[in-house]
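Me: I'm new to this one and keep tripping over the terms. Can you walk me through them?

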Amino acid sequence: MERLQKVIAASGYTSRRKAEELIKQGKVKVNGKVVTELGTKVFDRDEIVIDNKIITKETKEYYLINKPRGVITSTDDDKNRKIVTDLIPTEARIYPVGRLDYDTTGALILTNDGDFANILTHPKNKVDKVYLAKLEGIIKGEQINKLKEGIILDHTKVIPSRVKLKKVNNETNTCIVEITIHEGKNHQVKRMFEAVGFRVEKLKRERIGIFTTEGLQSGEFRKLTPKEVAIVYSLKK
Ligand code: URA
């Protein structure tokens, strides 16, 4: 169930604030009855009518994209940079679930389903976000242990659920580390490595929950299947 004003706004009829005014003014009917209470929750099947016009609800859409470098995960940008929602042709007001930096690539979900987005992002649901980070320098066991003990970011301790050194390149003095986290703090992976003395040269999200970029070239996307959507809903704690 969702709040009436949210459903009206999502339909494109008007903004959420104006929808709230219309509700207070007694102009909104749900299943034939005037509703004036703002927090009223409605089911998908409920009929909403404003000024004799039936409000058609926006259908939920779900996408997985292999985000390319040089694109921002936002729905608009004041600096006129490329935005990720421009890569998916749809009329629905989809938005990215969590953020990947401008220069980060990999698995990103976009949807207009707020509940679905919350399940994927809330740390309590322990949805894996698996990253491959290329580091400047070669990390040692001691520094990996420090990461595993937890790093304080924004006054809270973040503990990766897994850290694994995958590759070492002595010639370029770089290494590749796979790190799995459950939160989505701003620049989290870069800041965690920075805390143990490493700059992240390249970052790719390999997996979020059950979703990997397998089969998707950079910039390619696909719709999620109803089964995949159901699996995500089943993760809610
Ligand atoms: N952590 C980062 O530092 N950047 C990202 O884009 C994602 C996670």
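Me: What makes the pair formed by a ligand nitrogen atom and V189 a polar contact?
Reply: A polar contact is a pair of N or O atoms within 3.5 Å. The ligand nitrogen is 3.0 Å from a polar backbone atom of V189, so the pair fits that definition. An oxygen atom of the ligand also lies 2.7 Å from a polar backbone atom of D101, and a ligand oxygen is 3.0 Å from a backbone N or O atom of K190. Keep in mind that this is a predicted model, where local features need pLDDT of at least 70, side-chain atom pairs need 80 or more, and totals for chains, interfaces and linings use all residues. Numbering starts from 1 along each chain as its sequence is written, and side-chain values use heavy atoms, leaving out hydrogens and water.

Me: What makes L100 and Y131 part of the ligand's surroundings?
Reply: A residue is near a molecule if one of its heavy atoms lies within 4 Å of it. The residues around the ligand include L100, Y131, H187 and L203.

Me: How do you know which residues in that shell are nonpolar, polar or charged?
Reply: Ala, Val, Leu, Ile, Met, Phe, Trp, Tyr, Cys and Pro count as nonpolar, Asp, Glu, Lys and Arg as charged, and the others, Gly among them, as polar. Sorted that way, the shell has 4 nonpolar, 3 polar and 2 charged residues.

Me: Why is the ligand said to lie between two domains?
Reply: Domain 2 (62–123 + 211–233) and domain 3 (128–208) both give residues to its shell, so the ligand lies between them. The domain bounds come from an automatic or database domain assignment.

Definitions and conventions
A polar contact is a pair of N or O atoms within 3.5 Å; within protein, one must be able to donate a hydrogen and the other to accept it, and residues adjacent in sequence count only if both atoms are side-chain atoms.
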